[in-house]
Amino acid sequence: MKESDDNRRQFIRNSVSTAAGLMLLPGLAEKASGSILTRPVKETLKPIMPPRIKFSVIGMNHGHIYGQVEAVTRGGGELVSFYAKEEDLAAAFAKRYPQAKQAKSEAEILGDKSIQLILSSGIPDERAPLGIRVMKSGKDYMVDKPGITTLEQLAQVRKVQKETKRIYSIMYSERLENRATIKAGELIKEGVIGKVVQTIGLGPHRMTPKARPEWFFDKKRFGGIICDIASHQFDQFLFFTNSTKAEIVASQVGNVNHPQYPQFEDFGDAMLRGNGGAGYIRVDWFTPDGLKSWGDGRLTVLGTEGFIEIRKNIDIGGREGGNHLFVVNNKDTQYVDCSQVQLPYGTQLVDDVLNRTETAMSQEHCFLATELALKAQKNAQNVAALS
């Protein structure tokens, strides 16, 4: 048990990582009103630079909000206030960040002209409407994934973003807050595996039903398994293939083993093709309890002269911790230590807020990754119907 706990703590230190990461750990997750994770990570990272902007939080129904706050704080953001409808969530957040003022309403924060950026990890189907209100209030927005749950929401968000010129950033943390994935991007730019041909992204998760709020089992609230979990993999596909256009070749979803939750999906996959390469994605809720992590998340990037494999959360071959990166090319087979790789997203996002630039992520990339996930979800064949 001690070894398992140590592994969990090491993972949290190394990476905020994917979709349901923190709340899936046995003994860490707690069920509360509308929240997937209410117990914040205890280790608070110190800012790496003096505050350059002021930011606030509205909505914290997923524990990813703590990683979002840490990223912006590292980049020079000062957390000044927060608001949550749920008293228990607000209390946990206040305990973690006693310097931040608890606002009485969302309107109080949106009306504060000193605040430049709003963060949110509210219930998924409420995230885009909030983002629209944030942008209309003259502020930038950084939201947990999935940042948008329907194509109709996407159209509205795109319209308001174009009109207001505000930033709508979705924190695809599997890439942006994972040291091995950042390092892989650097190596690929250096040409160590030649021209990228394909990405394969795997996002298995442990379900832990007792730790889940009601909305977790309702497809209308979380958007479907591809919309939710696989949004990370679509982001990585676009980034590593350098694709600016892409289409869904095929996709499928299903509720294979949880009939007691009829509005839930526990399996999904998709094949896609872009103007920079091909991709395959598989996500599921079948991580067995015998694994020392919530999921053996992996990314393989195939190139014309080699390949890179990332074992994001655990190496079942025996190495401790996460962020494992392997490079195989015509010269050698290497294991790359990524423990000292810097995470630039928070700093870049603060830069973008100040300079009105797109260094953290282009707005079109952000929206295209979401659009692909939403189209794959909407047009997916049902696995159960085919059996």
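## Sheets, salt bridges and a surface patch

Glu108 has a relative accessibility of 30% and therefore counts as partly exposed; this class lies between buried (under 20% relative accessible area) and exposed (over 50%), with a 1.4 Å probe and protein chains only. The side chain of Glu108 meets that of Lys101 in a salt bridge, at 3.0 Å from N to O. A salt bridge here is a side-chain nitrogen of Lys or Arg within 4 Å of a carboxyl oxygen of Asp or Glu.

The model is predicted: local features need pLDDT of at least 70, side-chain atom pairs count only at pLDDT 80 or more, and totals for chains, interfaces and linings use all residues. Residues are numbered from 1 along each chain as its sequence is written, and side-chain values use heavy atoms, with hydrogens and water left out.

**Sheets**

Helices (H or I, at least four residues) and strands (E, at least two) are DSSP runs numbered from the N terminus. Two strands pair if DSSP finds at least two bridges between them. Strands of a sheet pair through backbone hydrogen bonds, either parallel or antiparallel.

One open sheet consists of 6 strands in the order E3-E2-E1-E4-E5-E6, with parallel pairing. Its edge strands, E3 (101-102) and E6 (168-171), each pair on one side only. A further open sheet holds 9 strands in the order E14-E13-E12-E11-E7-E10-E9-E8-E15, and its pairing is mixed. At its edges are E14 (333-337) and E15 (381-382), each of which pairs on one side only.

Four strand pairs are set out below.

| Strands | Sense | Bridges | Facing residues |
|---|---|---|---|
| E1 (residues 53-60) and E2 (residues 77-83) | parallel | 6 bridges | Val57 and Phe82 |
| E7 (residues 196-204) and E11 (residues 298-303) | antiparallel | 6 bridges | Val196 and Gly303 |
| E7 and E10 (residues 277-284) | parallel | 7 bridges | Gly203 and Val283 |
| E12 (residues 306-311) and E13 (residues 324-329) | antiparallel | 6 bridges | Ile308 and Val327 |

**Charged contacts**

The salt bridges number 28 by the stated rule. In one of them, the closest N and O atoms of Arg158 and Glu371 are 3.0 Å apart. Arg158 belongs to helix H6 (residues 151-164) and Glu371 to helix H13 (residues 363-378), so the pair ties together parts that are 213 residues apart in sequence. Arg158 is partly exposed, with a relative accessible area of 25%, whereas Glu371, at 17% relative accessibility, counts as buried.

Glu309 forms a salt bridge with Arg298, with 2.8 Å between the closest N and O atoms. This pair links distant parts of the chain, Glu309 in strand E12 and Arg298 in strand E11, 11 residues apart. Both Glu309 and Arg298 are buried. A network of salt bridges links Asp296, Arg298, Glu309, Arg311, Asp315 and Arg319.

**Surface patch and helix H12**

Val197, Leu302 and Phe307 make a nonpolar surface patch of about 220 Å². Patches consist of residues with over 30% relative accessible area and no salt bridge; like charges are joined within 9 Å, and nonpolar side chains (Val, Leu, Ile, Met, Phe, Trp, Tyr) within 5 Å. Accessible areas come from the Shrake-Rupley method with a 1.4 Å probe, and for residues only the protein chains shown count as cover. Phe307 lies in strand E12 and, at 33% relative accessibility, counts as partly exposed.

In helix H12 (residues 345-355), the buried residues are Tyr345, Gly346, Leu349, Val350, Asp352 and Val353. They cover an arc of only 155° around the axis, which puts them on the same side of H12; the arc is that of the directions from the helix axis to the C-beta atoms. Just after H12, Arg356 adopts a positive phi of about 60°.
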